[in-house]
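Reader: Please take one strand of this model and go through it closely. I would like its cover and its neighbours, followed by whatever else in the chain deserves a note.

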Amino acid sequence: MQTVDSVNLEKYAGTWHEVARIPNWFQRNCVSGTTANYKALPDGTIQVTNSCRKADGKMESIVGSATPVPGSNNTKLKVRFFGPFAGDYWIIGLDKPPYQWALVGHPSRKYLWILSRTPTLDEATYQRILKLAAAQGYDTSKIVRSKP
């Protein structure tokens with residue numbers, strides 16, 4: 001799986017809306033309004049705040065941190081939400097700055113997210129991102145659209 005060449009973390013910071021994902025166990029209670037907010041910190045790490053709406057209508061959030069993998073030009077991050085466990089977060093698709101959409105994956109190809117600065121993407125862009133995911137070896141039939 002190939003990452004993008006490099007990522008400017010200052011420009012990547014901010015709020016991203018989940019447009020689609022491969023379903024996973026840790027988001028099983030999220031039914032809509034899923035967002036990720038990234039804040040670049042002075043020590044080079046990133047504060048990560050993931051939020052979503054549960055079936056009962058309440059918002060749920062979790063705060064973690066991400067650390068760039070040395071030598072990856074900020075395209076590979078280790079994300080930690082609790083304990084000593086860190087997950088791989090690879091940026092495998094990203095439009096040119098100012099970064100309006102991103103495709104984020106995991107080397108196992110079990111996890112995938114299509115993110116956008118807006119709650120939805122136009123259909124042509126969404127289809128282009130799906131083709132990129134397929135080219136990276138993902139089974140795109142597993143990808144489900146998220147509810148804004």
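Author: A residue is called buried here when its relative accessible area is under 20%, and exposed when that value is over 50%. The model is a predicted one, and the strand chosen is β8, residues 112–116.

By that cut-off, five of the five residues in β8 are buried, so the strand counts as mostly covered. In a regular strand, side chains alternate between the two faces of the sheet. For β8, one side carries L112, I114 and S116. The other side carries W113 and L115. Residues on both sides are buried, and both faces of the strand are thus covered.

Next come the strands that pair with β8. Strand β1, residues 14–21, runs antiparallel to β8 and is joined to it by four bridges. Within this pairing, R21 stands opposite W113. Strand β7, residues 101–105, is also antiparallel to β8, and five bridges join the two. Here the bridge partner of V104 is again W113. W113 therefore has R21 of β1 opposite it and V104 of β7 as a bridge partner.

The connection between β7 and β8 is a hairpin with six residues between the strands. In its turn, R109 has a positive phi of about 65°.

Strand β1 leads on to another feature, the disulfide. The structure holds one such link, and it joins C30 to C52 with an S to S distance of 2.1 Å. The two cysteines are 22 residues apart and link distant parts of the chain: C30 is in the loop between β1 and β2 (32–40), whereas C52 belongs to strand β3, residues 46–53. The angle about the S-S bond is -65°, and the link is left-handed. Both ends fall under the cut-off used for β8: C30 is buried because its relative accessible area is 13%, and C52 is buried because its value is 2%.

A contrast to these buried residues is found at F85, in the loop between β5 (76–80) and β6 (87–94). F85 has a relative accessible area of 61%, which means that this residue is exposed. Together with I62 and F82, F85 makes a nonpolar surface patch of about 350 Å².

Key
Residues numbered from 1 in each chain as written. Predicted model: local features only at pLDDT ≥ 70, side-chain atom pairs only at ≥ 80, totals over all residues. Heavy atoms only, no water. Patch = residues over 30% accessible without salt bridge, like charges linked within 9 Å, V, L, I, M, F, W, Y side chains within 5 Å. Areas by Shrake-Rupley, 256 points an atom, 1.4 Å probe, with all protein chains shown as cover. Salt bridge = Lys/Arg side-chain N within 4 Å of Asp/Glu carboxyl O. Buried < 20%, exposed > 50% of the residue type's maximum accessible area, 1.4 Å probe, protein only. Disulfide = S-S within 2.5 Å.
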